[in-house]
Amino acid sequence: MLSFAQRGEKVAPSSTLAITAKINAMLAEGIDIVKFGAGEPDFDTPDYIKDAAIAAIHDGFTKYTPAAGTPQLKAAIIEKFKKDNGLTYKPSQIIVSCGAKHSIYNILQAICNPGDEVIFAAPYWVSYPEIVTLADGSPVVIETSAAQNFCMTPEQIEKAITNNTKAIIINSPSNPTGTIYDTDTLRQIAEIAVKHRSYVISDEIYESLLYDNLKHQSIASFSDEIQEITFVVNGVSKAYSMTGWRIGYTAGPEKAISAMSRIQSHSTSNPTSIAQKAAHAAISGSQSAVDEMRQAFEERRDVISQRFDEIEGITYVKPQGAFYIFPDFSAHYGRTIHGKTIHGSMDMAAYLLEDAKVGVVPGNGFGADKHLRFSFAASLEDINRGLDRIKDGLGR
Ligand SMILES: *Cc1c(COP(=O)(O)O)cnc(C)c1O
């Protein structure tokens, strides 16, 4: 029978696809669009990292490696966890995958049975519900508001937990909101997870992009008990501007990491040998390039926040990390501009694109239709040009 598996049918098509296609069509027509859609840093990968990859190619480091990653890279990752997070791991507790998205995918494949519930906040990263669904799990989405910094409260989690709860996903700093969990909340969530025997998946991919002198804290670091049930996910994509290299990693309970390694060994096998060498250079080298990028993002965050202050009817939570701001545009919903009524984030994004020539991502794909996601992985000049256009457009 020439039919497809239900698996593919269960997964929603990307909500950003339509708008991205439209942006590209307009760009192809030569229309000048200011783009705030990027989900990746706009900097080049630093030279010391590229050089390590080139050396790997010349040295013939171009064959299979152990499926879960090279001992060299795992050792650098262990060192990183010790130095940055105060966490101690054995090599058998580390697996390197083809990007942090692949890490999260493998975790859920390894722990979820049909009907297992996985708790996370809305607004959420677009892939969480789909990755849970692909693993036959059930997403349990907790609605959060600007007033709570878009963070789940311990009370909300406590209420959402059932006998079927398998894991709680924490993403701090968050994509799409840029907000972070404070230490006290994280500690309480850790206690709840330990009490109810629920895994925690801590997506810390934006760890190094924090502002206002804030310091990152991993939920796994509060006690041995929480470390034993937490998967810490990180990677090189966002910190080192290496999205195309596809290296992410997980630290977690030994048996679960072993299950993930088996799954990975029969699907992708090892992440690219050359990219592993590059990631090793990135993680074990001087971190000054990271701090330069972080400072540039902080300046852009300040400018874009200030520019939103000038626009009537828009509220936002000032991001404390990552490179996104997630303003609430709903005060402008219901308006009819040029004969078209704006009903939600898709309409607003379409209006801003067609009228103001600004490309943004509608919030509905993140489970938050009042909002639009702006990436400030863009030049200060573009940020100013784009916000001028939005101010003009909405002022009409
Ligand atoms: C970008 C991103 C990832 C995954 O990045 P990879 O390129 O797959 O390493 C994971 N989580 C969040 C929240 C992200 O924004």
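Helices (at least four residues) and strands (at least two) are DSSP runs, numbered from the N terminus. With that numbering in hand, N149 can be placed in the loop between strand 4 (138–143) and helix 7 (154–160). The model described here is predicted, and its protein chain holds 14 helices and 14 strands. The points below move from the chain as a whole to its pockets, and then to single residues in its loops.

**The chain as a whole**

- A compact globule of 396 residues would have a radius of gyration near 21 Å, and the protein chain agrees with this because its own value is 21 Å.
- Measured out along its principal axes in the computed model, the C-alpha trace of the protein chain spans about 60 × 55 × 55 Å.
- Of the 396 residues in the protein chain, 54% count as buried, a label that applies to residues under 20% relative accessible area.
- When contacts between residues at least 6 apart in sequence are taken, 73% of them join residues that are at least 24 apart.
- The protein chain exposes about 17200 Å², and carbon and sulfur atoms supply 51% of that area.

**The largest pocket**

- The largest pocket has a volume of about 1000 Å³, and 43 residues line it, with T16, G39, W125, V126 and R373 lying nearest its centre.
- Helix 2 (17–28), helix 5 (100–111) and helix 6 (127–134) are the elements that give two or more residues to the lining of the largest pocket.
- By residue type, the lining of the largest pocket divides into 20 nonpolar, 16 polar and seven charged residues.

**The second largest pocket**

- The second largest pocket holds about 560 Å³ of space, and among the 23 residues that line it, D84, E207, S208, Q287 and V290 are the closest to its centre.
- Two or more residues of the lining of the second largest pocket come from each of helix 4 (71–85), strand 7 (230–235) and helix 12 (288–309).
- The lining of the second largest pocket divides into ten nonpolar, six polar and seven charged residues.

**Cis peptide bonds**

- The peptide bond that runs from A122 to P123 is cis, with omega near 0°, and P123 is found in the loop between strand 3 (117–122) and helix 6.
- The peptide bond that runs from S172 to P173 is also cis, with omega near -10°, and P173 is found in the loop between strand 5 (165–171) and helix 8 (183–196).

**Residues with positive phi**

- N149, whose loop was named at the start, has phi near 60°, which is a positive value in a residue other than glycine.
- N149 counts as partly exposed because its relative accessibility is 28%, a value in between the limits of 20% for buried and 50% for exposed.
- H338 has phi near 50°, again a positive value in a residue other than glycine, and it is found in the loop between strand 10 (336–337) and strand 11 (340–341).
- H338 counts as exposed because its relative accessibility is 59%, and the label of exposed is given to residues over 50%.

Key
Residues are numbered from 1 along each chain as its sequence is written. This is a predicted model: local features need pLDDT of at least 70, side-chain atom pairs count only at pLDDT 80 or more; totals for chains, interfaces and linings use all residues. Side-chain values use heavy atoms; hydrogens and water are left out. On a 1 Å grid over the protein atoms alone, a cavity is a set of points where a 1.4 Å probe fits but cannot get out, and a pocket is an open set with protein on both sides within 12 Å along at least five of seven lines; lining residues have an atom within 4 Å of a point. Grid points are joined across faces, edges and corners, and a volume is the space filled by probe spheres set on the points. Ala, Val, Leu, Ile, Met, Phe, Trp, Tyr, Cys and Pro count as nonpolar, Asp, Glu, Lys and Arg as charged, and the others, Gly among them, as polar. The radius of gyration is taken over C-alpha atoms; the globule rule is 2.2 Å times the number of residues to the power 0.38. Buried means under 20% relative accessible area, exposed over 50%, partly exposed in between (1.4 Å probe, protein chains only). Contact means heavy atoms within 4.5 Å. Accessible areas come from the Shrake-Rupley method with a 1.4 Å probe; for residues, only the protein chains shown count as cover.
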